[in-house]
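Subject: Handover of a structure and summary of its features

Dear colleague,

Please find the structure below for your records. A summary of what was found in it follows.

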Amino acid sequence: MTESVNGDPGPLVVVLLEHAVQRIRAELYALSDASFPGLRTRHYRLLSMVPPGGERLSRMAATSGLTKQALAQALEPLQRGGYVEVVPDPTDGRARLVRLTERGRAVNETVRRHLADVEREWADRVGEERYAVARAVLADLVPRPAAAGTTVTVEE
């Protein structure tokens, strides 16, 4: 247990997650203001879910926890902004793929760089070795996927 932001005792995991979410949200909003107007946390999350070859709408809906209708609404501003395109799946004419455009790939690369900067700042704050150990422990806590063909990657 540790002391939370509001002074009440709380589990360290809650305090840490709240801090991380607030920090990342602030970074993303600053990025939106500087380079990608109108994008919010939900947009960055959706963009990060699209693999290089694209993703089927149905799979993306399942992964995101959104209904297909809610996903279509969430993707609409990303399509309008030129970040993604929704196209027929060449392997199944009934299915549709969400694919990143060059602009969408640029967003993901920029976000990765910004988040790497946050991690470097944290490593500087506690020391490289301590941060490497903490990061390795947290990576071990990431649930391993049960579904075949699904991977979770934590970059070292």
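How many helices and strands does the secondary structure of the chain come to? The chain has six helices and five strands, where helices (H or I, at least four residues) and strands (E, at least two) are DSSP runs numbered from the N terminus. Along the sequence, these elements follow the pattern β-β-α-α-β-α-α-β-β-α-α.

Please note that this is a predicted model, in which local features need pLDDT of at least 70 and side-chain atom pairs count only at pLDDT 80 or more, while totals for chains, interfaces and linings use all residues. Residues are numbered from 1 along each chain as its sequence is written, and side-chain values use heavy atoms, with hydrogens and water left out.

Overall burial and surface

Of the 156 residues in the chain, 29% are buried; buried means under 20% relative accessible area, exposed over 50%, and partly exposed in between (1.4 Å probe, protein chains only). About 10500 Å² of the chain is exposed, and carbon and sulfur atoms supply 56% of that area. These accessible areas come from the Shrake-Rupley method with a 1.4 Å probe, and for residues only the protein chains shown count as cover. Among contacts with a separation of 6 or more, 40% are between residues 24 or more positions apart, a contact being heavy atoms within 4.5 Å.

Nonpolar patch

L12, L16, V133, V137, L138 and L141 make a nonpolar surface patch of about 590 Å². Patches are made of residues with over 30% relative accessible area and no salt bridge; like charges are joined within 9 Å, and nonpolar side chains (Val, Leu, Ile, Met, Phe, Trp, Tyr) within 5 Å. Helices α1 and α6 (128-141) each supply at least two residues of the patch, and α6 gives the most, with four. L12, which is found in helix α1, has a relative accessible area of 54% and is therefore exposed.

Aromatic rings and the surroundings of L78

The count comes to one aromatic pair. Rings of Phe, Tyr and Trp (its six-membered ring) pair if their centres lie within 6.5 Å; planes under 30 degrees apart count as stacked, over 60 as edge-to-face and the rest as tilted. The aromatic pair is formed by F36 and Y83 and is edge-to-face, at 6.3 Å centre to centre with 70° between the planes. This pair links distant parts of the chain, 47 residues apart: F36 lies in the loop between α1 (12-34) and α2 (41-48), and Y83 in the loop between α4 (68-80) and β4 (84-89). Both F36 and Y83 are buried.

Y83 is also one of the contacts of L78, a residue of helix α4; leaving aside neighbours within four places in sequence, L78 is in contact with L39, H43, L46, L47, Y83 and V84. L78 counts as buried because its relative accessible area is 0%. The C-alpha atoms of L78 and L39 are separated by 8.3 Å, although the two residues are 39 residues apart along the chain.

Y83 further has its C-alpha atom 7.3 Å from that of E102, 19 residues apart along the chain. E102 is found in helix α5 and is exposed, with a relative accessible area of 56%.

In addition, the charged end of R40 sits over the ring of Y29, 4.3 Å from its centre. The criterion is that NZ of Lys or CZ of Arg is within 6 Å of the ring centre and within 35 degrees of the ring normal.

Salt bridges

Side chains of opposite charge can pair when their charged atoms come close. Twelve salt bridges are counted, each being a side-chain nitrogen of Lys or Arg within 4 Å of a carboxyl oxygen of Asp or Glu.

R56, D89, D92 and R94 are linked in a network of salt bridges. Within it, D92 pairs with R94, the closest N and O atoms being 3.2 Å apart. D92 is buried at 18% relative accessible area, whereas R94 is exposed at 76%.

E109 and R113 form a salt bridge with the closest N and O atoms 3.9 Å apart. Both lie in helix α5 (residues 102-126), four residues apart, about one turn of the helix. E109 is partly exposed at 37% relative accessibility, and R113 is partly exposed at 45%.

R135 forms a salt bridge with E119, the closest N and O atoms being 2.6 Å apart. This pair links distant parts of the chain, with R135 in helix α6 and E119 in helix α5, 16 residues apart. E119 counts as partly exposed because its relative accessibility is 25%.

Yours sincerely
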